[in-house]
Amino acid sequence: MMDWWLRNRGDLDDYVDRDVERSCTSKAAYDSEAAARANIAMQRLSGKLFTYQCRYCASWHLTRRDPSAAPAPQTDDDDETI
Ligand SMILES: [Zn+2]
């Protein structure tokens, strides 16, 4: 049981480390969702870039993949006020 946990925990950490390297060190990080969204708006990339709060560094990053996506309804209500 403990062996199982440790083994899987090791795999998870390894995966997380790679993920952190890819998502945190190579990306801009923002203190708040508002800051991240403002940056998207500045680049005129609303609807193409999305924000998500990083679970590793707790900052906000930008992603091209809509985190809430499934078939994405094109309603960017939030962006209209920026
Ligand atoms: Zn991060």
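Guide: Welcome! A residue is called buried if 20 or more other C-beta atoms lie within 10 Å of its own, exposed if 12 or fewer do, and partly exposed in between, with C-beta atoms placed from the backbone. This is a predicted model, in which local features need pLDDT of at least 70 and side-chain atom pairs count only at pLDDT 80 or more, while totals for chains, interfaces and linings use all residues. Residues are numbered from 1 along each chain as its sequence is written.

Visitor: Why is L45 called partly exposed?

Guide: L45 has 13 C-beta neighbours inside 10 Å. That value falls between the limits of 12 for exposed and 20 for buried, so L45 counts as partly exposed.

Visitor: What makes R44 count as exposed?

Guide: R44 has 9 C-beta neighbours inside 10 Å. The limit for exposed is 12 or fewer, so R44 counts as exposed. R44 also has a positive phi of about 55°, although it is not a glycine.

Visitor: Where is R44 found?

Guide: R44 lies in the loop between α2 and β1, and L45 is found in the loop between α2 (33-42) and β1. Those labels come from DSSP runs numbered from the N terminus: helices are H or I runs of at least four residues, and strands are E runs of at least two. The protein chain has two helices and two strands, in the order α-α-β-β from the N terminus on.

Visitor: How do you know that β1 and β2 pair?

Guide: Two strands pair if DSSP finds at least two bridges between them. Strand β1 (residues 50-53) and strand β2 (residues 60-63) have four bridges, in the antiparallel sense, so the definition is met. For T51, the bridge partner in β2 is L62.

Visitor: Why is A58 called exposed?

Guide: A58 has 9 other C-beta atoms within 10 Å. With a limit of 12 or fewer, A58 is therefore exposed. The loop between β1 and β2 holds A58, and this hairpin has six residues between the strands.

Visitor: Which element has the highest mean pLDDT, and which the lowest?

Guide: pLDDT is the predictor's confidence in each residue, from 0 to 100. Helix α2 has the highest mean, 96, and helix α1 (residues 2-25) the lowest, 63. The protein chain averages 75, and 55% of its residues score at least 70.

Visitor: How many of the residues count as buried?

Guide: Of the 82 residues of the protein chain, 7% count as buried.
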